[in-house]
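I set out to record what I looked up in this structure, entry by entry. The topics are an outlying strand, the aromatic side chains and the pockets.

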Amino acid sequence: MHVTNNNVITLHYQLKDDNDVILDKSYDSDEPMVYLHGHRQMVRGFEAALEGAVVGEKRAFTVMPADGYGLRNMNNTQRIPLKYLKHEGKAVNTESGIKHGTVLKVGKFNADVDMNHPLAGKNLHFETEIIAIRAATEDETTHGHVHGDHGCGH
């Protein structure tokens, strides 16, 4: 079996920026990442780079901004009332759900927030190792995400 649409992929990964700084990784945890391939859970460049991989295969690749989180839009800042900011300061409640954002400046009632994804405009350097591949269940493909041992609670 190989990485293709409608397969559940389990893998370990490491993500670095252009300065070789580790931004995220799963190698040191007992919990590898699991996602449903072909359902936009991962950025386009990530899925394209893993297409056709098999269990045990290691791949290193770079995802450019256009195939990752997009280019930075310098005009994508908003002044938002503080009540709409989540506690972590990395997400904003909007009418269309939670959006990524980075607080630039906090005032008494409002905050200026950069609404670009934190990884927008960055080259993403991945190292991956495929741990397992299985066919997705009909429920998983219908819902567009992987279900755990006890379903997804829909």
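**Entry 1. Strand E8 and its partner**

I began with strand E8, residues 102-106, and looked up how many of its five residues are buried. The number is zero, so I noted strand E8 as lying largely in the open. I kept in mind throughout that this is a predicted model.

I then looked for the pairing of E8 and found strand E9, residues 110-114, joined to E8 in the antiparallel sense over four bridges. For Thr102, I recorded Asp114 in E9 as the bridge partner. Between E8 and E9 there are three residues, and the two strands form a hairpin.

**Entry 2. Aromatic pairs**

I next turned to the aromatic rings. Taking ring centres within 6.5 Å as the cut-off for a pair, I noted a count of four aromatic pairs. For Phe46 and Phe61, the centres are 5.7 Å apart and the planes stand at 65°; the pair is therefore edge-to-face, since an angle over 60 degrees counts as such. I looked up where the two residues sit: Phe46 belongs to helix H1 (residues 44-50) and Phe61 to strand E4 (residues 58-63). They are 15 residues apart, and the pair links distant parts of the chain.

Are these two side chains buried or exposed? Relative accessibility is 1% for Phe46, which therefore counts as buried. Phe61, at 12%, also counts as buried, because the cut-off is under 20%.

I then examined Phe46 against Phe126. Their ring centres lie 4.9 Å apart with planes at 70°, so I entered this pair as edge-to-face. Phe126 is in strand E10 (residues 124-135) and Phe46 in helix H1, so the pair ties together parts 80 residues apart in sequence. I recorded Phe126 as buried, as is Phe46. I also noted that Tyr35, Phe46, Phe61 and Phe126 form one aromatic cluster.

**Entry 3. The largest pocket**

I finished with the largest pocket, for which I noted a volume of about 240 Å³. Which residues lie nearest its centre? I listed Leu15, Met42, Tyr69, Leu119 and Phe126, out of 15 residues that line the pocket. Phe126 thus enters my notes again, having appeared above in the aromatic cluster.

I looked up which strands contribute to the lining: strand E1 (7-16), strand E2 (22-25) and E10 each supply at least two residues. By character, I entered the lining of the largest pocket as 11 nonpolar, two polar and two charged residues.

Notes:
Residues numbered from 1 in each chain as written. Heavy atoms only, no water. Phe/Tyr/Trp six-rings, centres within 6.5 Å; stacked < 30°, edge-to-face > 60°. Buried < 20%, exposed > 50% of the residue type's maximum accessible area, 1.4 Å probe, protein only. 1 Å grid on protein atoms, 1.4 Å probe; cavity = no way out; pocket = protein on both sides within 12 Å on 5 of 7 lines; lining within 4 Å. Points joined across faces, edges and corners; volume = space filled by probe spheres on them. Nonpolar A, V, L, I, M, F, W, Y, C, P; charged D, E, K, R; others polar. Pairing = 2+ DSSP bridges.
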